Amino acid sequence: MASSLARLGAALPRARPRAAARVMPPGRWDAAALGASRRAALNVGRCQVHSDVKVAPTSDLKDEDNSSKNWRIKMLYDGDCPLCMREVNMLRERNKSYGAIKFVDISSKDYSPDDNQGLDYETAMGRIHAILSDGTIVTDVEAFRRLYEEVGLGWVYAVTKYEPVATMANAVYGVWAKYRMQITGRPPLEEIMASRKAAGECKDDKVCKM
């Protein structure tokens, strides 16, 4: 029995002795630990630098002043008309993404007919005017259609390109343009021009009326 156990034990594979764990000398361990900590701190610093950088959205990089330098159409609007300003503000907001429209307030004391194809205050107040980049003046519903096309809303006025819709649309707008002062609760144009002249905004006839 004992001999059988001896032979069986001799036949079984013997387990290899484990290698003794390498012990790093105290000086080297401290240097390695210090290097590892420095590398970790450097990586954290790099991540922190990238995470702190704020990139402005593309839409925020386009302001109206910069985009108006490459305008395709200029809109002359009455800044004293409350109903008109609703549409102007909508177009102004849309224009932030297109930069195609330059807005000119004809009610401003700095308005100059010479900079706007000779359109004086009285003429510009009579109906909507827009000026293309080549100097072409468009009015009435066509002006609205051109403006809306430049900010991706051409479908709104697309049907007004065709007759008899074009004639009907211009007729309706003509009524609005004629009575918009009364509708918006403002004095007649003649009184407004008289008050502007009295205030010194119309230093000569070229500013308000040519």
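This passage walks through the fold, the strand pairing, the cores and the salt bridges of a single chain, working from a predicted model.

It helps to begin with the overall plan. The chain contains 10 helices and four strands. Read from the N terminus, these elements follow the order α-α-α-α-β-α-β-α-β-β-α-α-α-α. Of the 210 residues in the chain, 29% are buried. The chain exposes about 14,700 Å², and carbon and sulfur atoms supply 56% of that area. Among contacts with a separation of 6 or more, 62% are between residues 24 or more positions apart.

Strand β1, residues 73-77, is a good place to look more closely. Five of its five residues are buried. In a regular strand, side chains alternate between the two faces of the sheet. In β1 both faces are covered: Ile-73, Met-75 and Tyr-77 are buried on one side, and Lys-74 and Leu-76 are buried on the other. The strand also has two partners to consider. With β2 (residues 101-105), β1 runs parallel, and five bridges join the pair; here Leu-76 stands opposite Val-104. With β3 (residues 129-132), β1 runs antiparallel, and four bridges make the connection; in this pairing Ile-73 has Leu-132 as its bridge partner. Helix α5 (residues 82-95) belongs in the picture too, as β1, α5 and β2 together make a right-handed β-α-β unit.

The next topic is the nonpolar interior. In soluble globular proteins, nonpolar side chains tend to be buried together. The largest nonpolar core in this model has 22 residues, and Met-75, Leu-91, Ile-101 and Phe-103 have the most contacts inside it. At least two residues of this core come from each of β1, α5, β2, β3, α7 (140-150) and α8 (165-183). Helix α7 gives the largest share, with five residues. Leu-91 offers a concrete example: leaving aside residues up to four places away in sequence, Leu-91 touches Met-75, Phe-103, Leu-147, Tyr-148 and Val-151. There is also a second, separate core of 13 residues, which includes Tyr-111, Leu-119, Tyr-121 and Ile-192.

Charged side chains complete the account. Across the whole structure, seven salt bridges are found. In one of them, Arg-72 pairs with Glu-150, with the closest N and O atoms 2.9 Å apart. Arg-72 sits in the loop between α4 (64-67) and β1, while Glu-150 is in helix α7, so this pair ties together parts that are 78 residues apart in sequence. With a relative accessibility of 51%, Arg-72 counts as exposed.

Another salt bridge joins Arg-180 and Asp-78, whose closest N and O atoms are 3.2 Å apart. Because Arg-180 lies in helix α8 and Asp-78 in the loop between β1 and α5, the pair ties together parts that are 102 residues apart in sequence. Both Arg-180 and Asp-78 are buried. These two residues are also linked with Arg-186 in a network of salt bridges.

A further salt bridge connects Glu-149 with Lys-161, the closest N and O atoms being 3.5 Å apart. Glu-149 is in helix α7 and Lys-161 in the loop between α7 and α8, so the parts tied together here are 12 residues apart in sequence. Glu-149 counts as partly exposed at 34% relative accessibility, and Lys-161 is partly exposed with a relative accessible area of 48%.

Technical notes: Residues numbered from 1 in each chain as written. Predicted model: local features only at pLDDT ≥ 70, side-chain atom pairs only at ≥ 80, totals over all residues. Heavy atoms only, no water. Buried < 20%, exposed > 50% of the residue type's maximum accessible area, 1.4 Å probe, protein only. Pairing = 2+ DSSP bridges. Right-handed = clockwise from strand over helix to strand, strands pointing away. Core = buried A, V, L, I, M, F, W, Y, C linked by side-chain atoms within 4.5 Å. Contact = heavy atoms within 4.5 Å. Areas by Shrake-Rupley, 256 points an atom, 1.4 Å probe, with all protein chains shown as cover. Salt bridge = Lys/Arg side-chain N within 4 Å of Asp/Glu carboxyl O.
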